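User: I'm new to this one and would like a close look at a single part of it. Could you walk me through it once it's on screen?

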Amino acid sequence: MTRPVRFTVCLSALLVIVVVGCAPTGNPGNEEMQRAELEQAGMRIYAALPEDSAKAALIEQGQKMYRTAGCESCHSTRQDRLGLQGPPLGGVSKRVMARQDDDALEARRWLVKHIKSPRLYPSPYKDDEAYHGTFMTPYNQFRDEDMRALVEFLWSLR
Ligand code: HEC
């Protein structure tokens, strides 16, 4: 390639990167699709409540998830916040239940959706100055079984 040609190729590549990088991502069609996917994930991961006999193992696995995912860098598992960046998670099931008409299945589905996309399913804390009026980090990479275990762990926190 001659120099001017190489220059043009480089410039075009750069332009493509800039254009793609700046394309709006929050368009409403996209968001509707994401919401539909999250609703489906909630239904899939929580088609039914876990059997009582399965709960202990799920909670144990969920606790490991909680640790390895780094949730504890922002949340306490007790009632007090301990000065951390996020709200305390002790008693979270009760609070989420109250917001979901006391439906234990829907409340768990909300937790799944919130963890996957706090932006589309924000908690009431998101506008709270104490938590910087901000969103949590989204976690969309967990396998379904792990997400179910994580939510059962959160559910067990008193
Ligand atoms: C960078 C800090 C940070 C990390 C890491 C984090 N969170 Fe959060 N979390 C927040 C903040 C801030 C809020 C409140 C704002 C919002 O809803 O996004 C929140 C809200 C929540 C809520 C809603 C509480 C309620 O009462 O409605 C749950 C549940 C939760 N987080 C669970 C988790 C789990 C599980 C993990 C790990 C997979 C995690 N968080 C990782 C900062 C964090």
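At what angle do helix 2 and helix 5 pack, and how far apart are their axes?

Analyst: Before anything else, keep in mind that this is a predicted model. Now to your pair: helix 2 covers residues 28-45 and helix 5 covers residues 104-116, and they pack at an angle of about 135 degrees with their axes 9 Å apart. That angle falls outside the ranges for roughly parallel, perpendicular or antiparallel, so the two helices count as oblique to each other. As for handedness, helix 2 and helix 5 make a right-handed crossing.

Let's see who sits at the contact. Helix 2 brings L38, A41, G42, M43 and I45, while helix 5 answers with R109, V112, K113 and K116. Sorted by class, that contact between helix 2 and helix 5 holds five nonpolar residues, one polar and three charged.

Helix 5 has a second job to look at, in the surroundings of the ligand. There are 28 residues around the ligand, and C71, C74, G86, S123 and M136 come nearest. Three elements each give two or more residues to this shell: helix 4 (92-99), helix 5 and helix 6 (144-156). Of these, helix 5 gives the most, with three residues. Taken by class, the shell around the ligand has 17 nonpolar, nine polar and two charged residues.

Now step back along the chain to the stretch leading into helix 5. In the loop between helix 4 and helix 5 you'll find Q100. Is Q100 buried or exposed? It's in between: Q100 has 16 C-beta neighbours inside 10 Å, while being buried takes 20 or more and being exposed takes 12 or fewer, so Q100 counts as partly exposed. Setting aside neighbours within four places in sequence, Q100 is in contact with E106, A107 and W110. Take W110, for instance: Q100 and W110 are 10 residues apart in sequence, and their C-alpha atoms are 8.3 Å apart in space.

Finally, here's how this part fits into the whole. The protein has six helices and zero strands, so reading from the N terminus the elements simply go α-α-α-α-α-α. Of its 158 residues, 23% count as buried. And if you take the contacts in the protein with a separation of 6 or more, 57% of them are between residues 24 or more positions apart.

How values were computed
Residues numbered from 1 in each chain as written. Predicted model: local features only at pLDDT ≥ 70, side-chain atom pairs only at ≥ 80, totals over all residues. Axes fitted to C-alpha atoms, helices over the stretch in contact; angles between N-to-C directions. Helix = DSSP H or I, 4+ residues; strand = E, 2+ residues; numbered from the N terminus. Parallel < 35°, antiparallel > 145°, perpendicular 65-115°, else oblique. Left-handed = near helix turned anticlockwise from the far one by under 90°. Contact = placed C-beta atoms within 7 Å. Nonpolar A, V, L, I, M, F, W, Y, C, P; charged D, E, K, R; others polar. Near = placed C-beta within 6 Å.
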